[in-house]
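Welcome, and please have your viewer ready. We will move from one selection to the next, with a short note on what to look for at each stop.

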Amino acid sequence: ASSSNLSAGRCFLLRPPHSRCRRPRSLRASASLEQEVKERADSPSPSGTSSQATRRDVRNIAIVAHVDHGKTTLVDSMLRQSKVFRDNQVVQERIMDSNDLERERGITILSKNTSITYKGTKINIIDTPGHSDFGGEVERVLNMVEGILLVVDSVEGPMPQTRFVLKKALEFGHAVVVVVNKVDRPIARPEFVVNSTFELFIELNATDEQCDFQTVYAIGLKGKAGISADNLADDLGPLFEAILRCIPEPRIEKDGALQMLVTSTEYDEHKGRIAIGRLHAGELKRGMEVKIGETIADKVSGTALPTIKIEEPTVRMSFSINTSPFVGKEGKFVTSRNLRDRLYRELERNLAMKVEDGETADTFLVSGRGTLHLTILIENMRREGYEFMIGPPKVINKTVNGKLLEPYEIAAIEVPEEYMGSVVELLGKRRGQMLDMEASG
C-alpha cells in the first residue's frame with residue numbers, strides 16, 4: 001500500500017541556469033522563462049523508451065529546521081488557513097506532534113505527512129524532527145520531495161541541526177525556500193539571519209541555483225508571511241505562492257515498469273504491514289502482483305531503486321532482562337523473548353537504529369544516533385509494559401584505513417556569562433574543543 005498523500009514523481013530539478021527565484025525575492029516571474037520550463041518538462045526523454053510525465057497540480061515539500069525554530073507551529077497555521085478543519089472544530093496545538101512523548105517533550109520525533117490544497121494545487125507536506133538524534137527520520141523522507149522549506153529563527157539564525165538537514169537536502173539537489181520565522185521577536189535580526197544562511201549554503205558547497213534561494217519572512221504562530229520583514233500579509237499567502245513558484249513539479253516515468261521506493265513501514269494488527277513511499281515509475285493498482293522489498297516493483301520486469309543511505313549510529317547501550325529481586329513488579333513483558341521481539345520490531349520503522357545479540361542470550365546491544373534517540377525507545381517500551389535493565393551508553397568507534405575514528409558533534413551553547421566557566425569545564429571533561437566564543441549582547 002502506498003501513502004495516499006504523496007504523489008508520484010522524481011527528485012529532479014528542471015530549472016534553467018538562471019533560477020526562477022532570485023535573491024531580490026520578487027514575487028513576479030518571467031513569463032518567457034516559465035514557458036521555457038514548461039516546454040522542457042513536456043519534452044520526451046532522450047532515450048525514447050519512456051515518457052516523462054509531470055504533475056503540475058502537485059508539490060512535494062519537507063519542512064526542516066533546528067529544534068524549536070517553529071516549523072510544527074507553522075504547519076498548524078498552514079493547515080488552518082487551507083480550511084482542512086471545520087470553522088467550529090476544536091483543534092489542539094502542534095497538530096502534527098501526535099505521539100504522546102512528542103507532546104510532553106515539545107519536540108518532533110517522527111516524520112509525518114499531510115496535505116493541503118491551495119488554488120487547485122495539492123501541497124504534500126512532511127514535518128520532520130529538528131533534533132540531530134532523529135536525523136534518520138529526515139534522511140529517509142528527503143527521497144519523497146522535490147524541495148524543502150528551511151525554517152530559521154529570526155534571532156538564533158542557522159544552528160547545528162540546520163547545517164545537518166540542509167547538507168542532506170543540497171546533496172539531493174532539492175530546491176530550498178528559506179523561511180525566517182518569528183520576525184516579531186523584540187531582538188529579531190532578519191537581515192543577519194539571511195546573510196548567515198547564505199554563508200552556510202556556500203560552506204556546504206551549494207550550487208549557484210541553490211544559493212539563489214527565495215526568502216519568506218513569517219510569524220508562524222500568528223499565521224502571517226511576506227517577502228519583507230517589515231511588511232507581512234495577514235495570512236500565509238506569500239509563503240504558498242513561493243512554494244508554487246519555486247518548488248519544481250514532480251515527474252515520473254509514466255510508461256515505465258512499476259518502481260516505488262519504500263521510505264517507511266508501519267504495522268497494523270488487522271491490515272498487516274503498511275508501506276509508505278513514493279512512485280518513481282509506472283502505476284500502482286489495487287490487486288496487482290508485485291515484488292516486495294525496499295523497492296516495490298513490477299513482478300516481471302521491475303528493477304530495484306538505489307537504497308536509502310542512513311548515517312551510522314554513534315552510541316550503543318545494552319538491553320537485558322530484569323534479574324533484580326523486584327522483577328515483574330512494573331511490567332508484564334519480562335522474558336528475553338519478549339525483549340527480543342520488541343527490539344527487532346523497532347527496526348521495521350526506525351531505520352537509524354541497529355540491534356545485535358549480546359554476549360549472553362538475555363542481552364542485546366542497541367545502537368542509535370545519540371542518547372536521546374535511545375531514551376525515546378526506552379520510554380516507549382516502558383509505557384508498553386516492558387521490563388528490562390539497561391547499561392551505560394558507550395561511544396561507537398570504528399577503524400578506517402588502519403586509523404581509529406571516533407564520532408563527534410558540533411555543539412552551540414548560549415548561556416549567561418556567570419555560567420560560562422561551568423559549561424566550559426563540563427565540556428572539557430568530555431574532551432570538548434573550544435572553536436569559538438563570543439558575547440551575544
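**Stop 1: two crossing helices**

Select helix 9 (residues 336–346) together with helix 10 (residues 371–383); their axes come within 12 Å and cross at roughly 130°. Keep in mind as you look that this is a predicted model. Are helix 9 and helix 10 parallel, perpendicular or oblique to each other? At that angle they count as oblique, and the crossing of helix 9 and helix 10 is right-handed. To see the contact, show side chains for Leu339, Arg342, Leu343 and Glu346 on helix 9, then for Leu377, Asn380 and Met381 on helix 10. Colour this contact of helix 9 with helix 10 by residue type and you will get 4 nonpolar, 1 polar and 2 charged residues.

**Stop 2: another helix crossing**

Now switch to helix 5 (residues 160–171) and helix 6, whose axes come within 10 Å and cross at roughly 55°. Helix 5 and helix 6 are therefore oblique to each other, and their crossing is right-handed. Which residues should you display here? From helix 5, pick Thr162, Arg163, Leu166 and Leu170; they meet Leu200, Phe201 and Glu203 of helix 6. The contact of helix 5 with helix 6 divides into 4 nonpolar, 1 polar and 2 charged residues.

Stay with helix 6 (residues 190–203) and click on Asn195, which sits within it. Asn195 is partly exposed, with a relative accessible area of 40%. Draw a distance from the C-alpha of Asn195 to the C-alpha of Gly157: you should get 9.3 Å, for two residues 38 apart in sequence.

**Stop 3: aromatic rings**

Keep Phe201 on screen and add Phe198 and Phe213: these three form one aromatic cluster. How many aromatic pairs does a search of the whole structure find? The search finds 5. One of them is the pair of Phe319 and Phe388, with 5.4 Å from centre to centre and 15° between the planes, a stacked arrangement. Zoom out a little and this pair turns out to link distant parts of the chain: Phe319 belongs to strand 14 (residues 315–321) and Phe388 to strand 17 (residues 388–390), 69 residues apart.

Now turn on a surface view. Are these two rings' residues buried or exposed? Phe319 is buried, at a relative accessible area of 0%. Phe388 also counts as buried, with 16% relative accessibility, because the cut-off for buried is under 20%.

**Stop 4: a covered helix and a loop leading to it**

With the surface still showing, select helix 8 (residues 237–246). This helix is mostly covered, with 9 of its 10 residues buried. The buried ones in helix 8 are Gly237, Pro238, Leu239, Phe240, Ala242, Ile243, Leu244, Arg245 and Cys246.

Step back along the chain to Asn231, in the loop between strand 8 (224–226) and helix 8. Asn231 is exposed, at 57% relative accessible area. Try another distance here: Asn231 and Tyr217 are 9.1 Å apart, C-alpha to C-alpha, with their positions 14 residues apart in sequence numbering.

**Stop 5: two loop residues with positive phi**

Before selecting anything, recall some background: most residues other than glycine have a negative phi. Then pick Lys119, which has a positive phi of about 50° although it is not a glycine. You will find Lys119 in the loop between strand 3 (112–118) and strand 4 (121–127). Lys119 is exposed, with a relative accessible area of 64%.

Next comes Asn401, another non-glycine residue with a positive phi, here about 55°. Asn401 is located in the loop between strand 19 (398–400) and strand 20 (403–405). With 76% relative accessibility, Asn401 counts as exposed.

**Last stop: the whole chain**

Finally, clear your selections and show the whole protein chain as a cartoon. Its secondary structure comes to 11 helices and 20 strands. Of the 441 residues in the chain, 46% are buried. If you plot a contact map, look well away from the diagonal: among contacts between residues at least 6 apart in sequence, 71% join residues at least 24 apart.

Key. Residues numbered from 1 in each chain as written. Predicted model: local features only at pLDDT ≥ 70, side-chain atom pairs only at ≥ 80, totals over all residues. Heavy atoms only, no water. Phe/Tyr/Trp six-rings, centres within 6.5 Å; stacked < 30°, edge-to-face > 60°. Helix = DSSP H or I, 4+ residues; strand = E, 2+ residues; numbered from the N terminus. Buried < 20%, exposed > 50% of the residue type's maximum accessible area, 1.4 Å probe, protein only. Axes fitted to C-alpha atoms, helices over the stretch in contact; angles between N-to-C directions. Parallel < 35°, antiparallel > 145°, perpendicular 65-115°, else oblique. Left-handed = near helix turned anticlockwise from the far one by under 90°. Contact = heavy atoms within 4.5 Å. Nonpolar A, V, L, I, M, F, W, Y, C, P; charged D, E, K, R; others polar.
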